[in-house]
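Work through the exercises below with the sequence and the model in view, trying each task before reading its solution.

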Amino acid sequence: MSSGQESVFSEYETDTSQTSKLLRKFKETPFVPIGMAGFVMVVGYGLYRLKHRGNMKMSLHLIHMRVAAQGFVVGAITCGVMYSMFREYVLKPKE
């Protein structure tokens, strides 16, 4: 292969790496990583509280944690959609 083709392939591999795709998506939609981080925090807190739940039934504890995690993710998605709509319709200059 010629050196010109090698540089094209290396640019393609660099631009489409998983890390660059993930960073680009995080810049486009900043509430996705917030939702993911919140979900992880709720699950971590739930696992911590699992040890100290007292006489609460396991199924009730798991239902509460599931609802909290889903609520955080749905809230982050809602905020992200509202942010995208605000950016698209309010901040975008009219053509």
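**Exercise 1.** Identify which residues of α4 are buried, and state what covers them.

*Solution.* The buried residues of α4 are His61, Met65, Ala69, Ala76 and Gly80, where buried means under 20% relative accessible area, exposed means over 50% and partly exposed lies in between (1.4 Å probe, protein chains only). What covers these buried residues includes α3, with contact taken as heavy atoms within 4.5 Å. Over the chain, buried residues make up 9% of the 95 residues.

This is a predicted model, in which local features need pLDDT of at least 70 and side-chain atom pairs count only at pLDDT 80 or more, while totals for chains, interfaces and linings use all residues. Residues are numbered from 1 along each chain as its sequence is written, and side-chain values use heavy atoms, with hydrogens and water left out.

**Exercise 2.** Classify glycine 75 and valine 81 by accessibility, and relate each to phenylalanine 31.

*Solution.* Glycine 75 lies in helix α4 and, at 30% relative accessibility, counts as partly exposed. Its C-alpha is 9.5 Å from that of phenylalanine 31, although the two are 44 residues apart in sequence. Valine 81 also lies in helix α4 and, at 44% relative accessibility, counts as partly exposed; its C-alpha and that of phenylalanine 31, 50 residues apart along the chain, are separated by 8.8 Å.

**Exercise 3.** Describe how α3 and α4 pack against one another.

*Solution.* Begin with the geometry: the axes of α3 (residues 31–51) and α4 (residues 58–89) come within 9 Å and cross at roughly 165 degrees. That makes α3 roughly antiparallel to α4, a term for angles over 145 degrees. Next, take the residues in contact: among those of α3 are Phe31, Gly38, Val42 and Arg49, and among those they meet in α4 are Met65, Phe72, Ala76 and Tyr83. By class, this contact has 14 nonpolar, five polar and one charged residues, with Ala, Val, Leu, Ile, Met, Phe, Trp, Tyr, Cys and Pro counted as nonpolar, Asp, Glu, Lys and Arg as charged, and the others, Gly among them, as polar.

**Exercise 4.** Check the length of α4 against its expected span, and place the helix within the chain.

*Solution.* At 1.5 Å a residue, the 32 residues of α4 should span 46 Å, and the end C-alpha atoms are 46 Å apart, which agrees; the expected span is 1.5 Å times one less than the number of residues. The chain comes to four helices and zero strands, running α-α-α-α from the N terminus, where helices (H or I, at least four residues) and strands (E, at least two) are DSSP runs.

Note on methods:
Axes fitted to C-alpha atoms, helices over the stretch in contact; angles between N-to-C directions. Parallel < 35°, antiparallel > 145°, perpendicular 65-115°, else oblique.
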